[in-house]
Amino acid sequence: DEAARQAAFDAAVAADERIEPRDWMPDAYRASLVRQMAQHAHSEIIGMQPEANWITRAPSLRRKAILMAKVQDEAGHGLYLYSAAETLGTSREELLDKLHAGRQRYSSIFNYPTLTWADVGAIGWLVDGAAITNQVPLCRCSYGPYARAMVRICKEESFHQRQGYELLLALSRGTPAQHAMAQDAVDRWWWPSLMMFGPPDEESGHSAQSMAWKIKRHSNDELRRRFIEISGPQADALGLTLPTGEIDWDEFKEVLKGNGPCNEQRIAQRRRAHEEGAWVRDAAVAYAAKHGEGKPS
Ligand code: 3HC
């Protein structure tokens with residue numbers, strides 16, 4: 001009966017066992033995972049936009065190849081996460097419809113513009129760095145498919161972070177103008193990167209329950225603090241300085257309300273890409289029907 005299944009679920013979570021798709025789970029656990037995993041997946045594919053802005057303008061073939069590989073990785077991360085979310089009984093179509101309708105979120109960080117080439121470095125170093133700090137604990141999340149998706153994503157994220165760091169190092173050690181460009185990008189991306197960890201703990205509506213279910217393994221502020229501690233020595237090694245002061249939580253709230261610098265642009269471009277890509281989806285379905293679902297051609 002329900003009480004026995006709830007007790008078995010609670011015992012499995014308490015014992016740090018993985019909950020798998022066919023296990024019984026509370027509806028609220030399922031719903032919270034769909035919410036977080038969908039938003040994580042949406043973040044990955046929206047995150048392709050700010051970086052892709054510089055693929056055609058990369059300063060060398062090497063930098064262009066690295067950036068293309070990274071943007072392709074983000075698309076792949078989105079697909080892993082949509083697939084993991086589908087194990088909870090939802091569908092990619094449903095999740096994308098919610099994103100396009102503004103009924104599901106994506107990370108606030110991607111509502112900022114990439115104004116110079118140095119932004120590609122700042123995103124790699126700071127945004128992917130923050131994502132790693134957030135995602136490593138998620139490898140121990142109680143829901144099996146999410147935790148396993150994180151293991152693979154974290155490996156690729158490390159390459160993203162290293163290439164961003166190395167790009168900034170090249171600029172920082174370049175001409176005074178290049179150094180200034182790197183510093184300007186860090187100044188603009190530092191605070192929004194800290195906002196990726198979510199609101200302060202006392203304003204985090206999901207944390208208590210998410211931590212009880214062992215989805216979230218550390219609080220927003222704890223991971224934010226961990227990221228700040230990691231970033232200090234790296235900024236020193238880069239010869240760049242991190243802004244000092246406080247996070248502007250009003251800005252955070254405005255961006256979440258849709259009033260960030262690029263919110264409309266990001267969603268409009270996403271909707272357009274979805275519409276323009278309809279023929280690819282139709283062709284894939286027609287091909288699968290003709291050649292038998294999933295049989296290798
Ligand atoms: N951007 C947008 N929304 C945010 C946010 C942010 N930076 N931080 C918090 N929120 C939202 C939450 O989704 C929640 O709203 P909802 O109820 O409508 O979902 C509300 O603000 C309150 O926040 P909580 O702290 O209560 O919510 P969570 O417990 O879900 O914690 C989180 C927020 C830490 C972001 C958590 O959801 C999480 O760890 N998600 C997985 C990580 C993720 O999504 N990362 C995306 C980063 S970008 C990326 O990975 C791409 C990489 O390749 C660069």
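**Note on aromatic and charged side-chain contacts**

1. In this predicted model, the count of aromatic pairs comes to eight. One of them joins phenylalanine 9 and tryptophan 24 in an edge-to-face arrangement, with 6.2 Å centre to centre and 85° between the planes. This pair links distant parts of the chain, 15 residues apart: phenylalanine 9 belongs to helix 1 (residues 2-14), whereas tryptophan 24 sits in the loop between helix 1 and helix 2 (27-46).

2. The two partners fall into separate accessibility classes. Phenylalanine 9 has 3% relative accessibility and therefore counts as buried. Tryptophan 24 has a relative accessible area of 25% and is partly exposed, because the buried class requires a value under 20%.

3. A second edge-to-face pair is formed by tyrosine 29 and tryptophan 213, whose ring centres are 5.5 Å apart and whose planes stand at 85°. Tyrosine 29 is placed in helix 2 and tryptophan 213 in the loop between helix 9 (207-212) and helix 10 (220-238), so this contact ties together parts that are 184 residues apart in sequence. Tyrosine 29 is buried, at a relative accessible area of 0%; tryptophan 213, at 12% relative accessibility, also counts as buried.

4. The residues of points 1 and 3 should be read jointly. Ring pairs connect Phe9, Trp24, Tyr29 and Trp213 into a cluster.

5. Two arginines lie over aromatic faces. Arginine 57 is positioned over the face of tryptophan 54, at 4.1 Å from the ring centre. Arginine 162 is positioned over the face of tyrosine 165, at 5.0 Å from the ring centre.

6. The structure holds 17 salt bridges. One of these pairs aspartate 16 with lysine 214, where the closest N and O atoms are 3.1 Å apart. Aspartate 16 is found in the loop between helix 1 and helix 2, and lysine 214 in the loop between helix 9 and helix 10, so the bridge ties together parts that are 198 residues apart in sequence.

7. Arginine 188 and aspartate 119 form another salt bridge, their closest N and O atoms being 2.6 Å apart. Because arginine 188 lies in helix 8 (residues 176-195) and aspartate 119 in helix 6 (residues 118-138), the pair ties together parts that are 69 residues apart in sequence. Is each partner buried or partly exposed? Arginine 188 counts as partly exposed, at 24% relative accessibility, while aspartate 119 is buried, with a relative accessible area of 0%.

8. Within helix 10, glutamate 222 and arginine 226 are four residues apart and are therefore separated by about one helical turn. They form a salt bridge in which the closest N and O atoms are 3.4 Å apart. Side chains of opposite charge can pair when their charged atoms come close. Glutamate 222 is partly exposed, with a relative accessible area of 31%, and arginine 226 counts as partly exposed at 31% relative accessibility.

9. A further group of charged residues deserves inspection alongside these pairs. Glu51, Lys70, Glu74 and Asp128 are joined into one network by salt bridges that share partners.

Terms used:
Residues numbered from 1 in each chain as written. Predicted model: local features only at pLDDT ≥ 70, side-chain atom pairs only at ≥ 80, totals over all residues. Heavy atoms only, no water. Phe/Tyr/Trp six-rings, centres within 6.5 Å; stacked < 30°, edge-to-face > 60°. Helix = DSSP H or I, 4+ residues; strand = E, 2+ residues; numbered from the N terminus. Buried < 20%, exposed > 50% of the residue type's maximum accessible area, 1.4 Å probe, protein only. Lys NZ or Arg CZ within 6 Å of the ring centre and 35° of its normal. Salt bridge = Lys/Arg side-chain N within 4 Å of Asp/Glu carboxyl O.
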